[in-house]
Amino acid sequence: MSDSFPVSLDVAVVMRKERITGPMSRWQEWRWVLDDVVANETAFGPTARLLYKDDTQERWLHPGYTVRLFKDDAEGYVLNATTAAPCWFVLWRMHDAEDGSEPQARPEIVTLSYHDAGRWLDAQETVEQVPAPPSVVQWMNAFIAEHYVPEPKRRKRPASFQSLQDRFGNPASVSTLKKFRGEGSS
């Protein structure tokens, strides 16, 4: 990668609070969803702010996130880049509002790594995705081209040479001797 090519991007996250309609609205009137990930601009400032509000939705801008690409996670970027729709992954959580009003969604981390998103989902976190723009996919592909080294394929050992294991992973043995249980056996 050339020195002029960045290894990180500064982004901002747009979260949307939307009114729920239909039968589900009896239990929950509003829900939060990821709306977009955009390039961060200094004009956004350092704190979250309301962009839009009407009777059906609110849009909140959360600036100040950095997405870094790491050499040791190149495979995670490959898995994302080779899908039909490469995307941003955003982990977000609900937080109590500073003014004491109802809780608000706040992004915690933004990544392009399929591995990161999978680990967060395994940890029962809220992770959503939105499509990454072509320029970001090109940036990720350039990083992959320079840093991704596929794992060498390992020769599979023939089944006749593999050790036997029972369903619990313990060593098992096979015998050709028949064991009979009849009268007088204990």
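**Ring contacts and pockets in the predicted model**

The charged end of Lys17 lies over the ring of Trp30, at 5.0 Å from the ring centre. The model is predicted, and the distances, angles and volumes below are to be read as features of that prediction.

Aromatic pairing was examined next. Two aromatic pairs were found in a search of the whole structure. One of them joins Tyr77 and Phe143, with ring centres 5.8 Å apart. The planes of Tyr77 and Phe143 meet at 85°, so the pair is classed as edge-to-face, for which the angle must be over 60 degrees. This contact links distant parts of the chain. Tyr77 belongs to helix 1 (residues 74–81) and Phe143 to helix 3, and 66 residues separate them. Tyr77 and Phe143 are both buried.

The pair formed by Phe89 and Tyr114 has its ring centres 6.3 Å apart. The planes stand at 75°, so this pair is edge-to-face too. Here again distant parts of the chain are linked. Phe89 lies in strand 5 (residues 87–95), Tyr114 lies in helix 2 (residues 114–122), and the two are 25 residues apart. The partners were then assessed for burial. Phe89 has 5% relative accessibility and therefore counts as buried, the limit being under 20%. Tyr114, at 44% relative accessibility, counts as partly exposed, because the value falls between 20% and 50%.

Pockets were also analysed. The largest pocket has a volume of about 290 Å³. Its lining comprises 14 residues, of which Ala48, His62, Glu98, Gln104 and Arg106 are the closest to the pocket centre. Strand 4 (57–68) and strand 6 (104–111) are the elements that contribute two or more residues to this lining. By class, the lining of the largest pocket holds five nonpolar, five polar and four charged residues.

The second largest pocket contains about 150 Å³ of space. Its lining includes Leu9, Asp10 and Val11. Val37, Val38 and Ala39 also line this pocket, as does Trp88. Pro133, Ser135, Val136 and Trp139 are further lining residues. Two or more lining residues come from each of strand 1 (8–19), strand 2 (30–39) and helix 3 (134–147). The lining of the second largest pocket divides into nine nonpolar residues, one polar residue and one charged residue. Helix 3 thus appears in two settings: it gives residues to the lining of the second largest pocket, and it carries Phe143 of the pair with Tyr77.

Key
Residues numbered from 1 in each chain as written. Predicted model: local features only at pLDDT ≥ 70, side-chain atom pairs only at ≥ 80, totals over all residues. Heavy atoms only, no water. 1 Å grid on protein atoms, 1.4 Å probe; cavity = no way out; pocket = protein on both sides within 12 Å on 5 of 7 lines; lining within 4 Å. Points joined across faces, edges and corners; volume = space filled by probe spheres on them. Helix = DSSP H or I, 4+ residues; strand = E, 2+ residues; numbered from the N terminus. Nonpolar A, V, L, I, M, F, W, Y, C, P; charged D, E, K, R; others polar. Phe/Tyr/Trp six-rings, centres within 6.5 Å; stacked < 30°, edge-to-face > 60°. Buried < 20%, exposed > 50% of the residue type's maximum accessible area, 1.4 Å probe, protein only. Lys NZ or Arg CZ within 6 Å of the ring centre and 35° of its normal.
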